[in-house]
Amino acid sequence: MHHHGYLWTGPKARFDQEALRRPPHPEPPPAGTKPELIQRYREVAAEFPTSDLPPLETAYWLVKPRSLVRGTWPEPRAAAAWLGDRLTEYAPRFAAQAQRDVGRLTGLVTSAAERLSAGGDVSLGFYLERPSYLSLALVTCTPQRGISELSCPLDR
């Protein structure tokens, strides 16, 4: 088992493009569907696996380009330490003062290490100054407990 780290920052309006953050349905729309819906399905099917936008389900980071992996760690504590470093780096930009609390951030890192040790994934999000958003994720890989058919980006 190992863990991959992902980080995304960008405009909140882009983050809100939920159609590009969810995987397309496994089957295309049936024959006779409106052409604009078929076209939209094709766009989402092509863009989802290549988009840098955080997926709605954390495990789907694994289908994204390997270049989006910010780090890989065999130990949960090392992955959680990376998360802690990112929280420390971005905390001064958090829009809400309460989210900057050192005790709260330490608790998030401790909780992340525990969750990863149990084979789970971690996903955190924060509003930043200006209408921006920060998404941080740690995905447990090999095996992926949430969606077992997803392959490890290191295997591609």
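Is Glu47 buried, exposed or partly exposed, and what is its relative accessible area? In this predicted model, Glu47 has a relative accessible area of 33%. Glu47 is therefore partly exposed, because that class lies between the cut-offs of under 20% for buried and over 50% for exposed. The residue belongs to helix H2, which covers residues 35-47. Pro24 offers a spatial reference for Glu47. The two residues are 23 apart along the chain, and a distance of 9.6 Å separates their C-alpha atoms.

The overall fold was examined next. The protein chain holds four helices and four strands. Read from the N terminus, the order of these elements is β-α-α-β-α-α-β-β. The C-alpha trace extends over about 55 × 40 × 20 Å along its principal axes.

Contacts and burial were computed for the whole chain. Of the contacts between residues at least 6 apart in sequence, 69% link residues at least 24 apart. The protein chain has 156 residues, and 42% of them are buried. Glu47, being partly exposed, is not among these buried residues.

Surface composition and charge complete the description. About 8500 Å² of the protein chain is exposed. Carbon and sulfur atoms contribute 54% of that area. The chain carries 19 positive and 17 negative charges. The mean positions of the two sets lie 3 Å apart.

Conventions:
Residues numbered from 1 in each chain as written. Predicted model: local features only at pLDDT ≥ 70, side-chain atom pairs only at ≥ 80, totals over all residues. Heavy atoms only, no water. Helix = DSSP H or I, 4+ residues; strand = E, 2+ residues; numbered from the N terminus. Buried < 20%, exposed > 50% of the residue type's maximum accessible area, 1.4 Å probe, protein only. Contact = heavy atoms within 4.5 Å. Areas by Shrake-Rupley, 256 points an atom, 1.4 Å probe, with all protein chains shown as cover. Lys, Arg positive; Asp, Glu negative; His and termini not counted. Charge placed at Lys NZ, Arg CZ, Asp CG, Glu CD.
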